[in-house]
Amino acid sequence: MRAWAQGSGELVYNSYMGDPVPRAFDQKMVARFKEKYPGIRVQHTIVAHEDFKQAIRTYLIASRPPDVLTWFAGNRMRFFASRDLLADITDVWQQNGLERVINPALHEACKYNGRYYFLPTGYYWWAVYYRKDIFERLNLKPPTTWDEFLGVCERLKEAGIAPITTGTRFRWPAAAWFDYLNMRLNGPKFHIDLTDGKVPYTDERVRRVFEYWKVLLDRGYFIPNPAAYDWHEGVALMAQGKAAMYLMGAFIRESYPRERWSELDFFRFPIIDPKVPVGEDAPTDGYFVPARARNPQNAKLFLGFVASREFAEMMIKDLNSISARTDIPLSLYSDYFQKGIREVLSRANYTAQFYDRDTHPEMAERGMNGFVQFMANPNQIGNILQSLEADRKRIFAQDN
């Protein structure tokens, strides 16, 4: 890492870290940056996560955008880079020696046309979280196969407990079910080809994904009317003992009562076809600099700070995230993180970003609408897939 340069002037930083734990970390991180660069006046704004996602395009096309923004790796970043809205930060990678210390598996997700436009700081696993105490009471074991998973769901239902909770008011939790069923049935390469717009939604392999999903809905394994809840409220149903399992990211624990973390555990999404390579969702978060940033040098100083090992160790301690750096000893992670790395991420043949990060932003909107519509009306598979296919043709034709 190069020596810290002396900065002066202003830095405008907008963040989506609106939930309580990320907010506290974000504020702590900015305070640490200001200690290192007392000559830089930092204007720091935290916006609620869902509101930030709606505002990001407005930020980027403004005549005076923020200097640094939080965002997501992969297609969600490349969408903006391809429209000349992001600054090339290849020099930040080079000057800080980041290609040597950032996980090589993340490099391509940070590039557009061979240049870096994104700085990853952390990523996390998705898994099926479950109430360990409920499983023990019913003498259930974490399932590893699809048939075992169906058996666990049936036993929970018989015991008067909703097998699966979720909250799809903001739609994205529904996309996790599509991601995992598609990757488990058809493999991660097919999944990425689909999200890249190369496969019709009317393909029989896609329909098969919905048929598997429909079994869970038809048997009443999901909580009733999940669209009435946001994802936090879905966690509350689990904490209340009304539901036993939740397909969710590692950050779920921060929305669960801390004094009861011991009753919350997770297992890898069950294998459906053992011949299919294993794909896992591992969304990668980080930062970029808008092309029109007024203070690009200060922005790059900020990126150098969040790329540092000091920042990585702060993040590991305070957030549910795994550092993008590979020079962090496994021993620095809690048992919880070590289990996620060992039992989910290290066993994956491929890691995806998540449906709404892997596909075109408009297709993500249409797709997630379709997934939520399907969960409410599972007999409408044909109509939903035809509608999504019409969207796919139109949206991806525009970019060609």
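Which residue just after α9 takes a positive phi? In this predicted model, the residue is Gly197, with a phi of about 85°. The helix before this glycine is described below, after the overall dimensions and the sheets.

The protein contains 17 helices and 14 strands. Its C-alpha atoms fill a box of roughly 65 × 50 × 35 Å along the principal axes. The radius of gyration is 21 Å. A compact globule of 400 residues would have a value near 21 Å, so the two agree. Of the 400 residues, 60% count as buried. Contacts reach far along the chain. Among those between residues at least 6 apart in sequence, 76% join residues at least 24 apart.

The exposed surface amounts to about 16600 Å². Carbon and sulfur atoms supply 47% of this area. The side chains include 52 positive and 48 negative ones. The centres of these two sets lie 2 Å apart.

An open sheet of 6 strands runs in the order β2-β1-β3-β12-β6-β13. Its pairing is mixed. The edges are formed by β2 (40-46) and β13 (322-323). Each edge strand has a single partner, so one side of each is left without a neighbour in the sheet. Within this sheet, β1 (residues 9-15) and β3 (residues 68-72) run parallel and are joined by 2 bridges. Tyr13 has Val68 of β3 as its bridge partner.

A further group of pairings involves β7, β8, β9 and β10. Strands of a sheet pair through backbone hydrogen bonds, in either a parallel or an antiparallel sense. Strand β7 (residues 126-131) pairs with β9 (residues 243-249) in the antiparallel sense over 5 bridges. In this pairing, Ala127 stands opposite Met248 of β9, and Tyr130 has Met245 of β9 as its bridge partner. Strand β7 also pairs with β10 (residues 264-267), again antiparallel, over 4 bridges. Here Val128 stands opposite Phe267 of β10.

Strand β9 has a parallel pairing as well. It joins β8 (residues 162-164) over 2 bridges. Ile164 has Met245 of β9 as its bridge partner. Met245 is thus the bridge partner of both Tyr130 and Ile164. Burial is marked in two of these strands. In β7, 6 of the 6 residues are buried, and the strand is mostly covered. In β9, 7 of the 7 residues are buried, so this strand is largely enclosed by the rest of the structure.

Helix α9 (residues 188-195) shows a similar enclosure. Of its 8 residues, 7 are buried, so the helix is largely enclosed by the rest of the structure. The buried positions are Pro188, Phe190, His191, Ile192, Asp193, Leu194 and Thr195. These residues pack against several helices, namely α8 (172-186), α10 (204-218), α15 and α17. They also pack against strands β11 (279-281) and β14. Gly197, with its positive phi, comes just after this helix.

Helix α17 (residues 381-398), one of the elements packed against α9, contains Ala390. Ala390 is partly exposed, with a relative accessible area of 45%. Its C-alpha atom lies 9.1 Å from that of Pro200. In sequence, Ala390 and Pro200 are 190 residues apart.

Two residues other than glycine also take a positive phi. Most residues other than glycine have a negative phi. Asn113 has a positive value of about 50°. Asn113 lies in the loop between β4 (111-112) and β5 (115-116). Its relative accessibility is 66%, above the 50% cut-off, so Asn113 counts as exposed. Phe354 has a positive phi of about 125°. Phe354 is placed in the loop between β14 (350-352) and α15 (355-358). Its relative accessibility is 4%, under the 20% cut-off, so Phe354 counts as buried. Both elements flanking the Phe354 loop, β14 and α15, are among those packed against the buried residues of α9.

Technical notes:
Residues numbered from 1 in each chain as written. Predicted model: local features only at pLDDT ≥ 70, side-chain atom pairs only at ≥ 80, totals over all residues. Heavy atoms only, no water. Rg over C-alpha atoms; globule rule 2.2 N^0.38 Å. Buried < 20%, exposed > 50% of the residue type's maximum accessible area, 1.4 Å probe, protein only. Contact = heavy atoms within 4.5 Å. Areas by Shrake-Rupley, 256 points an atom, 1.4 Å probe, with all protein chains shown as cover. Lys, Arg positive; Asp, Glu negative; His and termini not counted. Charge placed at Lys NZ, Arg CZ, Asp CG, Glu CD. Pairing = 2+ DSSP bridges.
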